There are 2 protein chains.
Amino acid sequence: MNSDVHTVVIVDDHLLLSGSLEKLINSFEGFQVLFHASNGRELQLKLKKESKKPSVILLDINMPVMDGFETAEWLTEHHPDIKFLALSMEDDEQTILKMLRKGAKGYLLKDIHPDKLKIALQETVSKGFYHSDKVATTMLHALHNNNKASEESFKENELIFLQLACSEMTYKEIADQMNLSPKTIDGYRQELFNRLHIKNRVGLVIYALKNNLIHI
Amino acid sequence: MNSDVHTVVIVDDHLLLSGSLEKLINSFEGFQVLFHASNGRELQLKLKKESKKPSVILLDINMPVMDGFETAEWLTEHHPDIKFLALSMEDDEQTILKMLRKGAKGYLLKDIHPDKLKIALQETVSKGFYHSDKVATTMLHALHNNNKASEESFKENELIFLQLACSEMTYKEIADQMNLSPKTIDGYRQELFNRLHIKNRVGLVIYALKNNLIHI
DNA sequence: AAAAAAATCAGGAAAAATCCCCTTCGCAAA
DNA sequence: TTTGCGAAGGGGATTTTTCCTGATTTTTTT
């Protein structure tokens, strides 16, 4: 294994994808898969054990135990020298931006052509980042109307309320759970209805689901 | 290409998965990928054009244009000699049973180990089917309490109501839409609450989402 | 055709959700 | 110091949801 071979680590809970992805990447000239992990926790352990550090990490977002967001934070904090690319099926703006803000050097959708993956890996090691046209467009779009971003950014309590609202709890029960007055909860509700242009609690649930604010 | 090589076709809209899966399958002794399709419609066209018929088809469920269910029906109808395995991330009982009823020779979860895929392909060509422990258990479970199945089977109007209830419409508006009295709608609601053990409309929405009765 | 079962619809009431306008408090900017 | 702002909370009214019980009509079974 000579020194100009770049090593890759795959973090994904779908064994079939990570296993076959390994075959694909090993077929790319100049790239070699070092190991897999099926979640962030496992990645932490294996990085500690391995003496060799990977050139690039392919990081899935939806994983059990420790998901892509947490893992991205940890990587940026503890291994700022290792570049990582997010790899996900979600193509919504919020998710993409969130991963890029957490330090991802690029964002790959799982339905890209295998050749694109090769290009992404090559550019990541050579230029330090890779942004597909779609992601670049998304970033521009986000910059362009960050006014709309305010509509879709939530305060901590709003997020908690949002998640509890997507359950069978009554508002009174939610108020108890959050140690707040039912009237305060009513305030959160009204504010969100206005901001998101929705008419009732079902709309709230649908919104939260569509925007990956909760997952069921 | 000698005659004891079994050919495989992959139907999946995630190019990255199907592309890398091809590498994996080609590395299995005795197996060779014939071609891909990214949905059922494309499969139809390519099967017509190709003179060679595949031994096995790996069929994803969630696809645009023509999904796995439709494709399974078409295959069973027009190519009963081609065996196909369902390949999906959904592990809920309803989906598994639905695919098996439509003629799938097995059901593979996308998080299986690559070695399992090899075994599945081998058993499918040799024995004609492959059922993992998990799927076998699910089938037994389904047979065991098909009473519960009645809990989870819906009449036409119940399904329509369920879908409309997952919107911002009031029950009165739903009644108008369905040309029924609001009191009838109230009856549907009450009946579903009892049968599904849920307490309010949010529970209904969550249930519908979890069981793929609607998709947003 | 008669009986049974299922679907549709109603009355009435309590609980929850929704809406609108208002007060207080703390904190920070002017 | 005053002014302004946002978060927490309140009063009170209306609409919608939820629940329970019973009646009528339609469909199915016998």
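Which backbone N or O atom lies 3.0 Å from a phosphate oxygen of DNA strand C? To find it, select Ser181 of chain B, where a backbone N or O atom lies at that distance of 3.0 Å from a phosphate oxygen of DNA strand C. Keep in mind throughout the tour that this is a predicted model.

**Around DNA strand C**

Widen the selection to the protein around DNA strand C, where 16 residues are found, and where Tyr171(A), Lys155(B), Lys183(B), Thr184(B) and Tyr188(B) come nearest. If you colour the strand by its parts, you will see that sugar and phosphate account for 64% of the atoms of DNA strand C that come within 4 Å of the protein.

Next, select Tyr171(A), in whose side chain an N or O atom is 2.6 Å from a phosphate oxygen of DNA strand C. Then move to Lys183(B), whose side chain has an N or O atom 2.7 Å from a base oxygen of DNA strand C. With these contacts displayed, switch to the cartoon view and pick out H10 of chain A and H10 of chain B, which are the elements that give two or more residues to the surface near DNA strand C. H10(A) gives the most to this surface, with 5 residues. Coloured by class, the surface near DNA strand C shows 4 nonpolar, 6 polar and 6 charged residues.

**Around DNA strand D**

Now select DNA strand D, which is surrounded by 16 residues, the closest being Ser181(A), Lys183(A), Thr184(A), Tyr188(A) and Tyr171(B). Of the atoms of DNA strand D that come within 4 Å of the protein, sugar and phosphate account for 62%.

Three side chains deserve a closer look here. In Lys183(A), a polar side-chain atom lies 2.5 Å from a base oxygen of DNA strand D, and in Thr184(A) a polar side-chain atom lies 2.6 Å from a phosphate oxygen of DNA strand D. On the other chain, select Asp186(B), where a polar side-chain atom lies 3.1 Å from a base nitrogen of DNA strand D. The elements to show as cartoon are helix H10 (182–196) of chain A and helix H10 (182–196) of chain B, since each gives two or more residues to the surface near DNA strand D. For this surface the largest share, 4 residues, comes from H10(B). By class, the residues of the surface near DNA strand D comprise 4 nonpolar, 6 polar and 6 charged.

**Along chain A**

Leave the DNA and show chain A alone, colouring domain 1 (6–144) and domain 2 (154–210) separately. The centres of domain 1 and domain 2 of chain A, taken over C-alpha atoms, are separated by 34 Å.

**The sheet of chain A**

Select next the open sheet of chain A, in which 5 strands with parallel pairing follow the order S2-S1-S3-S4-S5. Strand S2 (31–37) and strand S5 (107–109) of chain A stand at the edges and have a single partner strand each, so one side of each is left without a neighbour in the sheet. From one strand to the next, the twist averages 25°.

Within this sheet, select strand S3 (residues 56–60) and strand S4 (residues 83–88) of chain A, which pair in the parallel sense over 5 bridges. To inspect one of these residue pairs, pick Leu59(A), whose bridge partner in S4(A) is Ala86(A). Finish with helix H2 (residues 40–49) of chain A, which packs on the sheet and touches strand S1 (6–11), S2 and S3 of chain A. The direction of helix H2 of chain A makes about 120° with that of S2(A).

Definitions and conventions. Residues are numbered from 1 along each chain as its sequence is written. Chains are lettered from A and ligands numbered from 1 in the order in which they are written. This is a predicted model: local features need pLDDT of at least 70, side-chain atom pairs count only at pLDDT 80 or more; totals for chains, interfaces and linings use all residues. Side-chain values use heavy atoms; hydrogens and water are left out. A residue is near a molecule or strand if one of its heavy atoms lies within 4 Å of it. A polar contact is a pair of N or O atoms within 3.5 Å; within protein, one must be able to donate a hydrogen and the other to accept it, and residues adjacent in sequence count only if both atoms are side-chain atoms. Ala, Val, Leu, Ile, Met, Phe, Trp, Tyr, Cys and Pro count as nonpolar, Asp, Glu, Lys and Arg as charged, and the others, Gly among them, as polar. Two strands pair if DSSP finds at least two bridges between them. Axes are lines fitted to C-alpha atoms, for helices over the stretch in contact, and angles run from 0 to 180 degrees between N-to-C directions. Contact means heavy atoms within 4.5 Å. Domain bounds come from an automatic or database domain assignment.
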